[in-house]
Amino acid sequence: MTGGSHPGRWWHALEDGRIQCDLCQRDCKLHEGQRGHCFVRQREGDAIVLTTYGRSSAFCIDPIEKKPLNHFYPGTSVLSFGTAGCNLACKFCQNWDISKARDMDRLMDRASPETIAQVAQSTGSHSVAFTYNDPVIFAEYAMDAADACHALGVKSVAVTAGYIHAQPRKEFYAKMDAANVDLKAFTEEFYFRQTGAHLQPVLDTLAYVHHETDCWLEITTLLIPGLNDSNEELTALSRWVHKELGDEVPIHFSAFHPDHKMRDIERTPPQTLVRARSIAMAEGLRYVYTGNVHHREGDTTLCIGCGEAVIERDWYAIEAYRLGAHGECRECGTELAGRFGTEAGDFGRRRIPVRIDA
């Protein structure tokens, strides 16, 4: 099915006649014709449907480092796409024109899961990323696309806030080869006031993906001046990651820019990212990166054995690659955590828009 309502999963009927969506912790309870908070899951008759199945707001070939994923086949290209809507309400959303869209006509491209996989293969894309808006809300489409990609030897990547119930989470991440999960802050107050959501479900997702699946995990935290960038919060976040996930899960601290409903706060100074990186490394995290700023040191991957700079980057371009076929340091033989090929890709910094017609 391409470009229409698709049967939704993860819902149940209530005694009062409403239907509850069981995809995420919002637990939207819907009368006939009503849409959930995400806007794309709707009650039709006695079921919930996904209204954006087979429809996309954009397709583009990006470097995998832009997702960001620094330990997942570095230097390779990824076919990225999203739909519309979101199950969070982040005041600082930097893709708000997509994630907050209520106009389904914005979804210009129509493509079946099989077409997406074929386009990824024909363009030489190593993987397909479900991104721009949160793939959790179009999980049926993303999962079908992941299956189609796997049939052609293409990897699947989720870029997500991780706000999802346990059962759909299990089914969703079983299809994903890698995920970058936004850990938007480390206080419940921030999550409630700035995203309309809660912190604990995201922590549960991080722990589940890392410990219970084969999906490669990296974390991103967007640092917003005065809201989630204090030394105390960064220390607490780093300690939690170290204790609950270990020292080898990569974390990216990225710079905020004024957008959506948060235009009165200035950009994150580069020194804030450098400070966050220093705090996280002091707490024992091995792979800590900076994002949305030009910072060669914060882009570089170091060997945890000998300290050799094994991957040197300039923005999204690989400048030097000193790893063997299994991700081992060529200097001392220590294997890095991640997914690596026999050599780095050479896609570089390019961004190539792609138009797909059904």
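**Backbone outliers and the buried face of helix α2**

In this predicted model, Trp-315 is partly exposed, with a relative accessible area of 32%. This tryptophan, located in the loop that connects β18 (309-314) to β19 (317-321), has a phi near 55°, which is a positive value in a residue other than glycine. A positive phi, of about 65°, is also found at Trp-10, again not a glycine, and this residue is placed in the loop between β1 (4-7) and β2 (11-13). Trp-10 counts as buried, because its relative accessibility of 11% falls under the 20% cut-off. Such backbone values merit mention because most residues other than glycine have a negative phi, and most peptide bonds are trans. A cis peptide bond, with omega at about -10°, links Lys-67 to Pro-68, and Pro-68 belongs to the loop between β8 and β9.

Both of these strands, β8 (58-63) and β9 (77-82), are included in what covers the buried residues of helix α2. Within this helix, which spans residues 113-122, the buried positions are Pro-113, Ile-116, Ala-117, Val-119 and Ala-120. These residues lie on the same side of α2, because the arc that they cover around the axis is only 165°. The pattern accords with a general property of the fold element: an α-helix has 3.6 residues a turn, so residues three or four places apart point the same way. The covering elements further include β6 (47-53), β11 (127-130), α3 (139-151) and β20 (352-354). Just after α2, the chain passes through Gly-124, where phi is positive at about 75°.

Definitions and conventions:
Residues numbered from 1 in each chain as written. Predicted model: local features only at pLDDT ≥ 70, side-chain atom pairs only at ≥ 80, totals over all residues. Heavy atoms only, no water. Buried < 20%, exposed > 50% of the residue type's maximum accessible area, 1.4 Å probe, protein only. Helix = DSSP H or I, 4+ residues; strand = E, 2+ residues; numbered from the N terminus. Arc of directions from axis to C-beta. Contact = heavy atoms within 4.5 Å.
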